[in-house]
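Visitor: I would like to know how the labels used for a protein structure are earned. Please take me through some of them.

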Amino acid sequence: MNDSSWGAPAGSGRGGPDQGPAPAGPAYDRQQAAQTRPMPIVPDVPAGGFQDGHDRGAAHQSGPLFRDEPPHEHPQEPMSSPTPPPPPAPPAPRQKKSAGRDLGAAIGVGVGLGAVIITSLFIWKPAFIGVIAVAVVVGLWELTSRLQERKEIKAPLVPLAVGGAAMVVAGYVRGAEGAWVAMALTALAVLVWRMTEPPEGYLKDVTAGVFAAFYVPFLATFVALLLTADDGPQRVLTFLILTVVSDTGAYAIGWRFGKHKLAPRISPGKTREGLVGAVTFAMAAGALCMQFMIDDGAWWQGLILGLAVAASATLGDLGESMIKRDLGIKDMGTLLPGHGGIMDRLDSLLPTAPVVWLLMALFVGTG
């Protein structure tokens with residue numbers, strides 16, 4: 001920068017126009033120089049000017065260009081204060097495990113059924129056979145009704161009900177041979193009865209009918225076979241106690257300690273811990289029942305019997321769960337509050353009956 005650009009114009013000096021040109025030196029005297037404000041340093045600006053708002057802001061970040069220049073108002077984007085994170089949600093209260101059923105109703109119905117069974121069992125044996133026959137007929141009605149509703153399978157109920165009841169009575173009166181003959185005649189009656197309707201669906205209907213005849217009344221006939229022995233009521237009571245204790249042990253231990261699923265695709269509620277509980281409870285009950293209730297029975301036989309009952313009851317429960325899953329239903333019926341239907345109570349009893357009859361026959365005979 002040339003000094004002459006900041007010099008005083010001609011004739012403006014202190015000595016007047018007749019004093020000649022101003023002497024070389026500063027444009028102002030010392031007094032004026034003392035009052036002169038120094039020029040601030042202007043930052044270099046690129047040739048292209050300010051490229052963006054960031055450069056312009058950087059040039060003025062130390063204040064205004066001149067001291068007496070009012071500060072420039074530079075529009076700035078409002079600084080968004082960070083949104084505080086939401087307070088952590090309070091922990092959800094721990095929910096208690098639920099049995100999924102009305103336990104009060106279930107216990108009441110169970111006690112009522114137990115009273116009917118025990119009364120008929122020890123007062124008059126034929127009355128208990130009548131209880132079995134009624135349970136078989138109702139179970140067949142539930143099963144055939146669900147098959148027709150969910151799968152449009154029309155298994156003939158009339159020959160199944162008549163043949164099922166006859167099968168139970170024949171087993172009690174004529175033994176195993178009578179049960180087999182009644183089973184064969186019932187299957188034949190199903191085949192003939194279905195011929196009165198159009199042939200469409202004949203094969204699936206009679207197949208379901210024969211399956212129902214074997215699954216419900218034929219397996220129930222082994223309970224009648226147990227009753228034919230001299231200590232028949234004690235044998236039937238042992239069979240019922242072990243099955244109920246097995247189910248109760250599985251439920252109690254599985255509900256409290258169950259973590260590892262036993263068969264999640266079939267029955268998600270069953271656990272391996274529950275199976276251990278079923279085996280433990282059934283073996284203990286079996287040892288006591290065989291020792292104190294069965295003539296010529298021994299405690300070690302009860303251990304084997306309890307183990308077999310726990311296995312068969314669990315398989316029976318899983319088997320009916322497979323049927324219900326295939327049908328897309330939760331319960332076979334609603335006849336028993338808190339339990340579902342009759343078939344929901346017979347699921348573990350039916351496959352257990354032949355197992356108990358066979359082991360009793362091996363341990364203490366059929367007399």
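Guide: Let us start with F218, which is buried, with a relative accessible area of 4%. Keep in mind that this is a predicted model.

Visitor: Why is F218 called buried?

Guide: Buried means under 20% relative accessible area. F218 has 4%, so the label buried applies.

Visitor: What makes F214 and F218 a stacked pair?

Guide: Two values decide this. The ring centres of F214 and F218 are 5.4 Å apart, and their planes lie at 25 degrees. Rings pair if their centres lie within 6.5 Å, and planes under 30 degrees apart count as stacked. Both values meet the rule, so F214 and F218 are a stacked pair.

Visitor: Where do F214 and F218 lie?

Guide: Both are in helix α6, 4 residues apart, which is about one turn of the helix. F214 has a relative accessible area of 40% and is therefore partly exposed. The two also belong to a cluster in which ring pairs link W180, F214, F218, F222 and W357.

Visitor: How many aromatic pairs are there?

Guide: The count comes to 6 aromatic pairs. One of them is F211 with Y215, a stacked pair with 5.4 Å from centre to centre and 10 degrees between the planes. F211 and Y215 are separated by about one helical turn, because they are 4 residues apart in helix α6.

Visitor: Are F211 and Y215 buried or partly exposed?

Guide: One label goes to each. Y215 has 11% relative accessibility, so it counts as buried. F211 has 38%, so it counts as partly exposed.

Visitor: What makes R194 and D205 a salt bridge?

Guide: The side chains of R194 and D205 meet at 2.7 Å, N to O. A salt bridge needs a side-chain nitrogen of Lys or Arg within 4 Å of a carboxyl oxygen of Asp or Glu, so this pair qualifies. R194 lies in helix α5 and D205 in helix α6, so the salt bridge ties together parts that are 11 residues apart in sequence. Their C-alpha atoms are separated by 7.7 Å.

Visitor: How do you know that R194 is buried?

Guide: Its relative accessibility is 3%, and the limit for buried is under 20%, so R194 counts as buried. D205 is buried too. Leaving aside neighbours within four places in sequence, R194 is in contact with K154, P199, E200, G201, Y202, D205 and V206.

Visitor: Why does K151 with D326 count as a salt bridge?

Guide: The closest N and O atoms of K151 and D326 are 3.3 Å apart. The cut-off is 4 Å, so the pair counts. K151 is in helix α4 and D326 in helix α9, so this salt bridge links distant parts of the chain, 175 residues apart.

Visitor: Why is D326 called exposed, and K151 partly exposed?

Guide: Exposed means over 50%, and D326 has 53% relative accessibility, so it is exposed. K151 has 36%, which falls between 20% and 50%, so it is partly exposed.

Visitor: Which other salt bridges can you show me?

Guide: The structure holds 7 salt bridges. Among them is the one between D317 and K270, at 3.2 Å, N to O. D317 is in helix α9 and K270 in strand β2, 47 residues apart, and the pair links distant parts of the chain. Both D317 and K270 are buried. In addition, E320, K324 and D344 are linked in a network of salt bridges.

Visitor: What makes the link between S348 and D247 a polar contact?

Guide: The side chains of S348 and D247 are joined by a contact of 2.9 Å. A polar contact has its N or O atoms within 3.5 Å, so the distance fits. S348 lies in the loop between α10 and α11. At 2% relative accessibility, S348 counts as buried.

Visitor: Why can L188 be part of a surface patch?

Guide: Residues of a patch have over 30% relative accessible area, and L188 has 49%, so it passes. L188 lies in helix α5. With V181, L185, L191 and V192, it makes a nonpolar surface patch of about 440 Å².

Definitions and conventions:
Residues numbered from 1 in each chain as written. Predicted model: local features only at pLDDT ≥ 70, side-chain atom pairs only at ≥ 80, totals over all residues. Heavy atoms only, no water. Patch = residues over 30% accessible without salt bridge, like charges linked within 9 Å, V, L, I, M, F, W, Y side chains within 5 Å. Areas by Shrake-Rupley, 256 points an atom, 1.4 Å probe, with all protein chains shown as cover. Helix = DSSP H or I, 4+ residues; strand = E, 2+ residues; numbered from the N terminus. Buried < 20%, exposed > 50% of the residue type's maximum accessible area, 1.4 Å probe, protein only. Contact = heavy atoms within 4.5 Å. Polar contact = N/O pair within 3.5 Å; in protein donor to acceptor, adjacent residues only side chain to side chain. Phe/Tyr/Trp six-rings, centres within 6.5 Å; stacked < 30°, edge-to-face > 60°.
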